[in-house]
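Colleague: Before I rely on the terms used for this structure, I should like to hear the reasoning behind them. May I ask about them one at a time?

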Amino acid sequence: MTSSSSSSSSSSSVPRLVIAAPSSGSGKTTVATGLMAAFASRGLAVSPHKVGPDYIDPGYHALVTGRVGRNLDAYLCGAELIAPLFAHGARGCELAVVEGVMGLYDGAAGQGELASTAHVAKLLRAPVVLVVDASSQSRSVAALVHGFASWDPEVRVAGVILNKVGSERHESLLREALDESGVPVLGALRRVPQVGTPSRHLGLVPVAERRSEAVGAVAAMASQVREGCDLDGLLALARSAPALSGVAWDAAEVVGLSPPPPLPLPGTWGAPPPRPPVRPGRPRPQTPDVLKTVAVAGGRAFTFSYAEHAELLAAAGADVVIFDPLRDEQLPEGTGGLVIGGGFPEVFAPELSANEPLRKAVAELAASGAPIAAECAGLLYLSRELDGQPMCGVLDATARMSERLTLGYRDAVAVGDSVLAAAGTRMRGHEFHRTVVEPGAGAAPAWGVRAPQRRVEGFVQQGVHASYLHTHWASEPGVARRFVERCLTS
C-alpha cells in the first residue's frame with residue numbers, strides 16, 4: 001500500500017480544473033462528478049479531488065473514476081501540503097477534477113481565505129470553472145460572474161457552466177449577458193428533476209450504502225454533462241494550467257521524518273503556531289519480518305476515512321486489513337491494533353448491536369491494552385450503548401442522537417499521552433455530527449479544544465484514543481508511526 005518514491009517526480013503537470021460555485025446548492029457535485037464520469041468514459045485517467053473535509057462526495061468521485069477520491073484541506077493539512085497531496089493523488093493521470101466546497105471564497109470561519117476553494121485553486125495554480133444556478137435570473141448573471149471573477153485577481157475564473165437553465169430562450173439571454181463579462185460559457189445544463197442522490201441528516205447518503213442506485217445517479221450526471229458542456233473546451237482549459245513545482249507527497253518518506261517536539265501544555269488552547277519546516281530525522285522504519293495487523297473498520301457503517309491514513313500505517317510497517325463490523329464476527333487474524341473512523345453507526349445501530357461476537361472481540365482487544373484509534377462513529381461504537389442499543393462497552397459512556405448539528409473546524413492539543421500523540425501535540429480537526437456522548441465519571445480526555453468554546457473532548461484509557469475530532473494524519477505523520485510502534489510493542 002506504500003506509494004512510489006516522490007524523488008522521481010519534481011513537478012506535476014497534470015491538467016486540472018477546479019469546479020466552484022457562488023454558494024452551496026448551485027450544482028457543484030453534479031457537474032464535478034458528471035465531468036469526471038464523462039472524461040473517464042473517453043478513456044482518460046481522471047484523478048478526483050474534493051476541497052475540504054467532506055468524506056461523502058469523494059465516494060461518488062471514486063465510483064466514476066475508479067480511483068481513490070482524495071481531499072485537499074488547507075486547514076487540516078496546512079497550505080504547504082496541498083500541492084504535494086494533489087501530485088500524489090494525480091500521479092499517472094491525464095486530468096484532475098477538483099470539486100470545491102461551499103461558495104468559491106468561503107473558508108474556515110474567521111480565517112480569511114484559508115481552506116476556501118479559491119485558496120486551494122491558487123495553491124494548485126488551477127483554472128476555476130464557476131457553476132451558476134441560473135434558475136431565477138437572466139442579465140444579472142453577468143454581474144454575479146463579473147464580481148466573482150474580479151474579487152481576487154489571483155483566482156483565475158476562466159469559465160462558467162450555467163445550471164438549471166429553463167429553456168433555449170433562457171439560455172440565449174444568459175449567454176448574451178455573459179458575452180460582456182469576458183468569461184466564456186462552457187456549458188448549460190437544463191432544469192431537470194433532481195438526480196437520484198438522496199440526503200439525510202449529514203448530507204448525501206454514501207455510495208457504500210446504495211451502490212446500485214448510485215451507479216444510476218452518476219450515469220445521469222454524466223449524461224447531463226455530456227449533453228450540455230463543451231468537453232473539448234474544458235479539457236483545453238485544464239491543459240492550460242502551468243506545472244506545479246515541488247515533489248509529490250509520499251507516505252514512505254514522510255513517516256520516517258521526526259515530528260517537531262510537543263509543545264508545553266498551555267493554560268488556554270490557541271491556534272497552532274506556523275508549522276516549522278520538516279527536519280530530517282531518524283531513518284525510515286524498517287519493515288519487520290512479521291507485520292503487525294492493523295484492522296481498519298469499513299463497510300456501510302464506517303465510510304469516513306482519508307486514504308492517506310492507511311497509506312501511512314502501511315508505510316510505518318503495518319499490514320492494513322479492512323473489515324466490516326456489520327458482517328464480520330471476528331477481527332482479522334493477528335490484529336494488534338484497531339482503527340475505527342467515521343460513518344453512520346446511528347443508522348445501523350441495531351445491526352451493529354446484533355453482531356455480539358465482534359463487539360466482544362473489540363472489548364477483549366481493548367482490555368489487552370492494544371492500540372485503538374476511534375473517530376466520531378468509532379467513538380459511538382466503543383461506547384456502552386447508542387440510542388439504547390448495546391455497543392462494545394469499551395468506554396464508560398452512552399451515546400444518543402440529538403437535534404443539534406455540531407459542525408466546524410477545531411484547533412486541538414493533546415492533554416495527555418496516548419497511542420496517537422504525546423501530551424502537548426497540537427493538531428487541527430473537524431467535527432460533524434448530530435449525536436451526543438455522555439461520559440461516566442473520571443474519564444481522561446483526549447483533546448483540549450479552543451473553538452467554539454474552550455473544552456475538553458474525547459477519551460484516553462489504556463490503549464484507546466477515542467474522540468469526535470476527525471484529523472488528517474498527513475499533517476502529522478508521526479501519529480501513524482507512533483500508533484504502529486505501539487502495536488509492535490503491545
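Modeller: The exchange below sets several terms against their definitions. Please keep in mind that this is a predicted model.

Colleague: What does the secondary structure of the chain come to?

Modeller: The chain has 14 helices and 24 strands. Of its 490 residues, 58% count as buried. Among contacts with a separation of 6 or more, 77% are between residues 24 or more positions apart.

Colleague: Why is cysteine 77 called buried?

Modeller: Cysteine 77 has a relative accessible area of 0%, and buried means under 20%; cysteine 77 is therefore buried. The value for cysteine 392 is 8%, so cysteine 392 is buried by that cut-off as well.

Colleague: How many disulfides does a search of the whole structure find?

Modeller: The search finds 0 disulfides. A pair of cysteine sulfur atoms would have to lie within 2.5 Å to count.

Colleague: What makes strand β12 a mostly covered strand?

Modeller: In β12, residues 292-297, 5 of the 6 residues are buried.

Colleague: How do you know that β12 pairs with strand β13?

Modeller: Pairing needs at least two bridges, and 6 bridges join β12 to β13, residues 318-323; the two strands therefore pair. They run parallel, and valine 294 stands opposite valine 320 in β13. Between these strands the chain passes through helix α10, residues 307-315, in a right-handed β-α-β crossover.

Colleague: Which way does β12 run relative to strand β14, parallel or antiparallel?

Modeller: β12 and β14, residues 335-340, run parallel and are joined by 4 bridges. Here valine 296 stands opposite valine 339 in β14.

Colleague: How do you know that the span of helix α6 agrees with what is expected?

Modeller: Helix α6, residues 168-179, has 12 residues, which should span 16 Å at 1.5 Å a residue. Its end C-alpha atoms are 16 Å apart, so the two values agree.

Colleague: What puts the buried residues of α6 on the same side?

Modeller: These residues are His170, Glu171, Leu174, Ala177 and Leu178. They cover an arc of only 130° around the axis, and therefore lie on the same side of α6. The face turned away from that side carries the exposed residues Glu168, Arg169, Glu176 and Asp179. What covers the buried residues includes α5, β7 and β8.

Colleague: Which residues of helix α12 are buried, and why are they said to be on the same side?

Modeller: In α12, the buried residues are Leu358, Arg359, Ala361, Val362, Leu365 and Ala366. Because they cover an arc of only 160° around the axis, they are on the same side of α12. Glu356, Lys360 and Ala367 are exposed on the face turned away from it. After α12 comes glycine 369, whose phi is positive, near 90°.

Colleague: Why is histidine 465 called buried?

Modeller: Its relative accessible area is 5%, and the limit for buried is under 20%; histidine 465 is therefore buried. Histidine 465 lies in strand β23, residues 464-467.

Colleague: What does histidine 465 touch, beyond residues up to four places away in sequence?

Modeller: Histidine 465 touches several residues, including Ile372, Ser418, Trp447 and Phe459. The C-alpha atoms of histidine 465 and aspartate 417 are separated by 9.7 Å, although these residues are 48 apart along the chain.

Notes
Residues are numbered from 1 along each chain as its sequence is written. This is a predicted model: local features need pLDDT of at least 70, side-chain atom pairs count only at pLDDT 80 or more; totals for chains, interfaces and linings use all residues. Side-chain values use heavy atoms; hydrogens and water are left out. Buried means under 20% relative accessible area, exposed over 50%, partly exposed in between (1.4 Å probe, protein chains only). A crossover is right-handed if, with the strands pointing away from the viewer, the path from the first strand over the helix to the second runs clockwise. The expected span of a helix is 1.5 Å times one less than its number of residues. The arc is that of the directions from the helix axis to the C-beta atoms. Contact means heavy atoms within 4.5 Å.
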